[in-house]
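Work through the following exercises with the sequence and the coordinates open beside you, and try each task before reading its solution.

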Amino acid sequence: MLEIKDLHVSVGGREILKGLTLSVKAGEVAAIMGPNGTGKSTLSYVISGREGYDVTQGEVRLNGENILDLEPSERAAKGVFLAFQYPVEIPGVATMTFLKAALNAQRRARGEAELQTPDLMKRVKDAAASLDVSQDMLRRPLNAGFSGGEKKRMEILQMALLQPRLAILDETDSGLDIDALRVVADGVNALRAPDRAFVVITHYQRLLEYIRPDSVHVMAQGRIMRSGGPELALELEARGYQEYIAQEAA
Amino acid sequence: MIKLAEAESTLSSFYEEMRDQGAPRLRAAAWAAFSEFGLPSRRVESWHYTDLKIALSRPAPLAAASHAALSLPRAHDSLRLVTLDGVFRPDLSDIARLPDGVAIRSLRDALAQGEPHVLTALASADIGAQDPVLALNAALMQDGVVVEIASGTRIGRAIELATLSSAEAAQSTYTRALVMLGAGVQVNLVETLGALSAAFAQDNSALVLRLAKNARVDLVTHLSGGVEHSIRVASLLAHLDAGATINSFALIEGEGLHRRQIFARLDGEMASARFNGATLGRGRLHADTTLVVDHAKPNGASRECFRHILDDQSVGAFQGKVIVRPGAQKTDGAMQSKALLLSEQATMNNKPELEIFADDVQCGHGATCGRLDEDQLFYLSARGLPRREAEALLIEGFANEAMEALEDEQLRAYLSDRVSVWLSRRISR
């Protein structure tokens with residue numbers, strides 16, 4: 001599903017990713033763990049196509065296709081979804097208006113028929129109910145005045161509606177209390193499917209108790225330093241990231 | 001200098017033509033006031049961003065009365081009163097459909113008959129007295145409509161005051177509408193200022209609103225049309241008695257120069273005013289909104305929320321002044337003006353002002369000017385919206401913030417549609 005090879009990325013002339021290689025198969029949930037400031041968010045932005053990130057070397061392939069030359073909206077239409085660490089507030093744009101615009105823009109790009117409002121409303125209502133998203137939230141401007149937990153639930157709601165092939169969750173657990181974490185994790189687990197892959201970026205092992213990963217990758221110094229199974233997360237929880245940071249100093 | 005003398009001598013000939021058309025004393029006083037100021041240049045503070053002395057250096061001929069039959073398209077389901085090329089047109093208006101309690105006549109007739117309460121309502125010197133262009137309007141007013149709504153009248157539909165020009169050749173118009181609401185009357189008003197032709201026009205219009213105790217007006221103003229170098233000055237004078245409310249929104253689009261000026265006086269306790277607006281600037285549009293909200297009595301509230309969206313080489317200006325008179329305690333005021341610049345060549349001038357002479361008040365203002373937010377654009381793009389569509393959604397949201405207080409669904413849909421049309425032209429080029 002996702003193949004990243006020897007990826008080097010600079011931001012403002014400073015190299016952040018230094019030869020990152022990662023492979024995630026369809027149906028797989030891959031957790032990326034690592035200390036702060038190691039380029040985890042940079043990785044999520046580069047995959048989704050944010051401007052200002054210069055890829056100096058390497059490639060990112062989605063189902064065999066190099067996506068680095070595509071616009072963010074084109075990548076989204078091909079199934080890339082980023083659940084933001086800090087979802088943006090958009091005053092003046094009703095959440096429902098936004099959901100319709102996003103869903104139909106992707107359908108148009110794929111040559112599918114646009115969804116009509118009643119059909120859309122039904123899908124949104126169904127998804128909203130399981131994620132504890134109130135009707136009031138759907139009427140309000142997107143993310144405007146939402147609490148941290150509400151914003152994260154709204155991200156998962158969007159993911160449920162857009163049905164991506166590759167979902168990247170960037171520190172989705174940050175700022176969530178245990179109840180909100182469970183709601184979010186249930187939402188993610190409900191979307192696990194053989195033709196869908198997840199990249200779950202997190203600093204803590206806690207989230208992985210709720211979203212069980214198939215593989216765990218330690219990221220430090222702009223690279224994947226070590227890969228393993230779920231047991232690697234427990235080891236990190238016990239021993240911390242010190243040894244990976246120490247390598248850098250050496 | 002020769003040009004300026006030319007402008008003022010042409011205007012003087014207009015005054016000679018109009019001075020005998022009713023209300024001679026009112027016109028004479030207004031002409032004297034105008035003559036003292038002359039056309040305002042940038043040196044006049046309230047006209048700092050719109051130099052009328054240069055723009056109006058060659059006044060176009062005064063519009064001649066036309067009674068040509070015409071079919072006007074309808075944009076919404078309102079009761080329409082039409083003033084066309086400077087003349088009130090009962091034949092084009094929905095007079096027969098007006099409910100009992102609504103009295104209509106032309107301003108020309110009311111002035112010719114010297115109706116005392118009309119003259120009093122028009123001549124009240126408490127608001128806008130310092131403005132030379134409003135004085136010019138009073139000196140030269142050709143026609144317009146007088147609407148009186150008696151207490152207890154219920155009006156199901158909006159009343160539209162349409163002031164339009166249709167001439168094929170250059171012309172000037174000076175029109176004035178007067179709307180007097182009895183105590184407790186509630187009405188939706190739509191003020192449409194536009195052109196049916198692409199001819200060069202100089203239009204100076206005024207709407208005088210007098211709200212008796214507890215009356216309420218929901219007002220939508222739409223300024224559109226215009227060609228390069230055309231000029232439109234539209235003034236709103238609102239006088240609110242105790243407990244009266246005005247809730248207004250204005251959309252400015254089109255080409256040429258548009259200046260909207262508001263003079264409001266909250267002259268009774270618990271009066272409440274909202275003046276919101278949005279400007280859609282493209283090409284060389286010059287759009288100036290200048291307002292003075294004058295709190296004269298205690299416990300009043302005022303809100304202003306303006307959004308300028310400026311593309312190409314368009315220029316926006318917002319000058320907002322809130323005055324709180326001595327004794328107008330517990331006044332609650334908040335003014336906000338935000339501009340979105342969509343091109344390197346677009347310009348915005350923002351000038352909020354507070355003049356507070358009472359000590360127990362709550363008044364604030366904020367003004368910002370910026371570009372589309374890259375974080376928001378990326379967020380929308382990452383959800384599948386191509387760049388131009390993402391921009392359009394953000395611009396729409398930006399304009400919506402000023403429309404949120406509009407209660408009439410139909411009028412809101414009409415305005416949203418105008419914004420969409422403007423945006424679709426941006427996406428397609």
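The exercises below concern a predicted model, and they deal in turn with confidence, a helix and two backbone angles.

**Exercise 1.** Determine where in chain A the confidence is lowest and where it is highest.

*Solution.* Begin with the chain as a whole: the mean pLDDT of chain A is 91, and 98% of its residues reach 70 or more. Going on to the elements of chain A, the lowest confidence falls in helix H10 (residues 242-249), with a mean of 66, whereas the highest falls in helix H2 (residues 72-77), at 97.

**Exercise 2.** Check the length of helix H9 (residues 409-428) of chain B against its expected span, and then describe its N-terminal end and its buried residues.

*Solution.* At 1.5 Å a residue, the 20 residues of H9(B) should span 28 Å, and because the end C-alpha atoms are 28 Å apart, the two values agree. At the N-terminal end, Asp408(B) acts as the cap, with a side-chain oxygen 2.9 Å from the backbone nitrogen of Gln410(B). The buried residues of H9(B) include Leu411(B), Leu415(B), Trp422(B) and Arg426(B), and among the elements that cover the buried residues are strand S7 (186-195) and helix H8 (387-403) of chain B.

**Exercise 3.** Are Glu171(A) and Met270(B), each with a positive phi, buried or exposed?

*Solution.* Most residues other than glycine have a negative phi. Glu171(A), with phi near 50 degrees, lies in the loop between strand S7 (166-170) and helix H7 (178-191) of chain A, and because its relative accessibility is 9%, Glu171(A) counts as buried. Met270(B), with phi of about 60 degrees, lies in the loop between strand S12 (257-266) and S13 of chain B, and at 53% relative accessibility Met270(B) therefore counts as exposed.

Notes:
Residues numbered from 1 in each chain as written. Chains lettered and ligands numbered in written order. Predicted model: local features only at pLDDT ≥ 70, side-chain atom pairs only at ≥ 80, totals over all residues. Heavy atoms only, no water. pLDDT = per-residue confidence, 0-100. Helix = DSSP H or I, 4+ residues; strand = E, 2+ residues; numbered from the N terminus. Expected span 1.5 Å × (residues − 1). Buried < 20%, exposed > 50% of the residue type's maximum accessible area, 1.4 Å probe, protein only. Contact = heavy atoms within 4.5 Å. Polar contact = N/O pair within 3.5 Å; in protein donor to acceptor, adjacent residues only side chain to side chain.
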